[in-house]
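Open the model in your viewer and get your selection tool ready. We will go from one stop to the next, and at each one you can pick out the residues named.

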Amino acid sequence: MQPLHSATLNDSLTGSMQPPTPNSFSQGMKSFFSKFLIFKSFTAMLLGSSSLKTVGELVDGLLETPAYALAAQYLSQNPACAALIRERYLPPAHDLETLLTLPSDSLGYIYAAEMKNKGFDPNLHAGMTAKSDAEYVEMRLSQTHDLWHIVTGFAPSEIGEIGLQAFHLPQFPYPLASMLVANSLIISTLMAPTTLPLLLEAIAQGFQMGKAAQPLFAQKWEEGWEKPLSQWQAELNIQPIQYSS
């Protein structure tokens with residue numbers, strides 16, 4: 001180790017006292033704004049907001065943290081997931097009427113029937129592009145969210161939603177899922193303690209299912225619409241469950 005000379009110390013101090021560069025200032029403001037969005041949206045959820053806008057703000061904030069980039073890196077360890085991310089795979093627009101001509105036990109038919117029954121637009125992501133692996137991962141997860149519900153059997157209810165989020169976590173470290181699970185546990189403990197046993201059961205079920213299942217992110221569902229849902233589940237090693245709460 002070389003001795004610490006006064007000149008070295010002066011150089012160090014001088015460097016640390018230099019005004020921030022425009023780039024570092026911009027990065028600092030970006031980091032502050034992302035943390036603000038995370039805090040704002042997380043708090044809004046604790047106070048009862050469940051709007052898509054609030055979830056969207058949470059995602060926007062989290063995308064500026066290292067967590068999303070690390071999630072994309074983790075997924076890229078799987079060759080099929082890595083190929084999907086590199087390709088930025090996004091399918092053509094879904095034609096629900098065409099999907100409804102498929103056999104009634106097929107994934108495509110069941111998906112189309114669910115979307116029509118709920119009045120959901122299946123093509124909200126049409127024309128969107130991703131600038132980074134992290135953005136693509138979130139875009140693809142958002143696009144296929146309803147498919148994950150169908151394949152796992154988790155109902156789109158408050159508890160079923162958290163069960164599905166817990167399913168993500170052993171598959172890959174999904175930042176939005178961990179935040180939503182944490183938020184639900186706080187709300188249940190403080191404001192609805194009678195629901196805590198059901199919530200914990202859903203989280204445990206989802207985690208175990210996700211641990212046993214093949215990687216759902218790697219699937220090009222849209223290229224197997226005609227395949228029976230039960231066949232998808234068998235191939236992915238999923239024993240579906242259904243929550244009515």
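**A walk around helix H10**

Begin with the buried residues of H10: select Ile-159, Gly-160, Ile-162, Gly-163, Leu-164, Gln-165, Ala-166, Phe-167, His-168 and Gln-171. Keep in mind that this is a predicted model. Now show the whole helix, residues 158-171. H10 is mostly covered, with 10 of its 14 residues buried.

What covers the buried residues of H10? Add helix H4 (66-75), helix H8 (133-143), helix H9 (145-152), helix H11 (175-191) and H12 to your view, as the cover includes these helices.

Next, keep just H10 and H12 (residues 196-212) on screen. Their axes come within 7 Å and cross at roughly 35°, and the crossing is right-handed. To see the contact itself, select residues on both sides: from H10, take Ile-159, Ile-162, Gly-163, Ala-166, Phe-167, Leu-169, Pro-170 and Gln-171. From H12, take Leu-198, Leu-199, Ala-202, Ile-203, Gly-206, Phe-207, Met-209, Gly-210 and Lys-211. Try colouring them by type: 12 are nonpolar, four are polar and one is charged.

Now bring everything back and look for the largest nonpolar core, which has 53 residues. Which of them touch the most other members? Select Leu-107, Trp-148, Phe-217 and Trp-221 to see them. H8 gives this core its largest share, five residues.

For the last stop, centre on Phe-217. Leaving aside neighbours within four places in sequence, Phe-217 is in contact with Leu-75, Cys-81, Leu-84, Ile-85, Tyr-136, Val-137, Arg-140, Leu-141 and Trp-148.

Technical notes:
Residues numbered from 1 in each chain as written. Predicted model: local features only at pLDDT ≥ 70, side-chain atom pairs only at ≥ 80, totals over all residues. Heavy atoms only, no water. Axes fitted to C-alpha atoms, helices over the stretch in contact; angles between N-to-C directions. Helix = DSSP H or I, 4+ residues; strand = E, 2+ residues; numbered from the N terminus. Left-handed = near helix turned anticlockwise from the far one by under 90°. Contact = heavy atoms within 4.5 Å. Nonpolar A, V, L, I, M, F, W, Y, C, P; charged D, E, K, R; others polar. Buried < 20%, exposed > 50% of the residue type's maximum accessible area, 1.4 Å probe, protein only. Core = buried A, V, L, I, M, F, W, Y, C linked by side-chain atoms within 4.5 Å.
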